[in-house]
Amino acid sequence: MPMDWIMGLAGGALIGIAAAIYLLVNGRIMGASGIIGGLVDGSGRHDRGERTALVAGLLAVPGIAALVMGGAQTQLTGNWAVIIIAGLLVGIGTRLANGCTSGHGVCGISRLSLRGIVATAFYIGAGGLTVVIFKHLLGVI
Amino acid sequence: MRILVSFLVGSLFGLGLLVSGMTDTTKVQGWLDIFGAWDPTLAFVMGGAIIPMAVAWRVTVGRKPVLADTFPAPPEPKLGRNLVLGSTLFGVGWGLAGLCPGPAVASLSFGGMGGVLFVAAMLGGMMIAPKLRNRLDQTAVAV
């Protein structure tokens, strides 16, 4: 178990360093939902190249690393209805709130942004409640 | 050059998500599962990411980005209905599947059909969101 925590801390540091480089060099916030959402709804038309390059790295490098390491597992549920509903909610929710775990969580909390802290409290609270209801009460997930 | 930096940033971000175990949905759901076998890994990931980023915010004071003119302005400290409602909807989806936008993209190459389906639904949700926001803004007052 503690090995997982050490890997969590190390991986977290990589995420934080990535966000720090994006801020200090490009002057931008590394928020996954904002970067992807801007490509999808057209609001990020003016810096499409940068967004696409970031998403390309985010997609390709873990794929290559997983191959080198001998595979990786997401252990995602096999219930397609749950997957589709969850995906829709994540897409709508993060864009409505203007941020997700990386934008509000990592980038917001680190600058003590009230919005980031409140958003994080709500998505963790709602996520915890969802797991309690759908796993322990209904047994769906 | 900015494009190259963006690719490097995405690469580090993805590698960090994989190394930290955040592309494994059971670790995320384990963190949210306070009444089950609670898994605190996500707190270590958040802590590990917030520390370098907090240093970076300090460094921005009185300076300019290397390849840009200005740093992003601090957001208005306004909370509002969209922030609360959006974060709540996001949290429900996050709890159901154990995926948020970063790890969903990072795990796309090895997440099988389910992973592809999740990302497709997420992109669909992101497409609907601006219309929904307009609709919401026209009705009632903010919280």
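Reader: What pattern does chain B follow, read along the sequence?
Author: This is a predicted model, in which local features need pLDDT of at least 70, side-chain atom pairs count only at pLDDT 80 or more, and totals for chains, interfaces and linings use all residues. Residues are numbered from 1 along each chain as its sequence is written, while chains are lettered from A and ligands numbered from 1 in the order in which they are written. Helices (H or I, at least four residues) and strands (E, at least two) are DSSP runs, numbered from the N terminus. Chain B has six helices and zero strands, and its pattern is α-α-α-α-α-α.

Reader: What share of the 143 residues in chain B is buried?
Author: A residue counts as buried if 20 or more other C-beta atoms lie within 10 Å of its own, as exposed if 12 or fewer do, and as partly exposed in between, with C-beta atoms placed from the backbone. For chain B the buried share is 52%.

Reader: Is B:Met1 buried or exposed?
Author: B:Met1 sits in the segment before α1 (2-20) of chain B. Its C-alpha atom is separated by 29 Å from that of B:Val45, 44 residues apart along the chain. Because B:Met1 has 9 other C-beta atoms within 10 Å, it is exposed.

Reader: How many of the residues of chain B that touch chain A are nonpolar?
Author: Two residues are in contact if their C-beta atoms, placed from the backbone, lie within 7 Å. By that rule 101 residues of chain B are in contact with 99 residues of chain A. On the side of chain B that touches chain A, four residues are charged (Asp, Glu, Lys and Arg) and 32 polar (the others, Gly among them). The nonpolar ones (Ala, Val, Leu, Ile, Met, Phe, Trp, Tyr, Cys and Pro) number 65.

Reader: How many helices are there in chain A?
Author: The C-alpha trace of chain A spans about 45 × 35 × 30 Å along its principal axes. Chain A has zero strands, and its helices number six.

Reader: How far apart are the end C-alpha atoms of residues 6-25 of chain A?
Author: UniProt, in an unreviewed entry, places the feature "transmembrane region" at residues 6-25, 53-72, 78-97 and 117-138 of chain A; positions follow the numbering used here, feature names are shortened, and annotations may be inferred rather than shown by experiment. Residues 6-25 of chain A are 100% helix and 0% strand. The end C-alpha atoms of that span lie apart by 28 Å.
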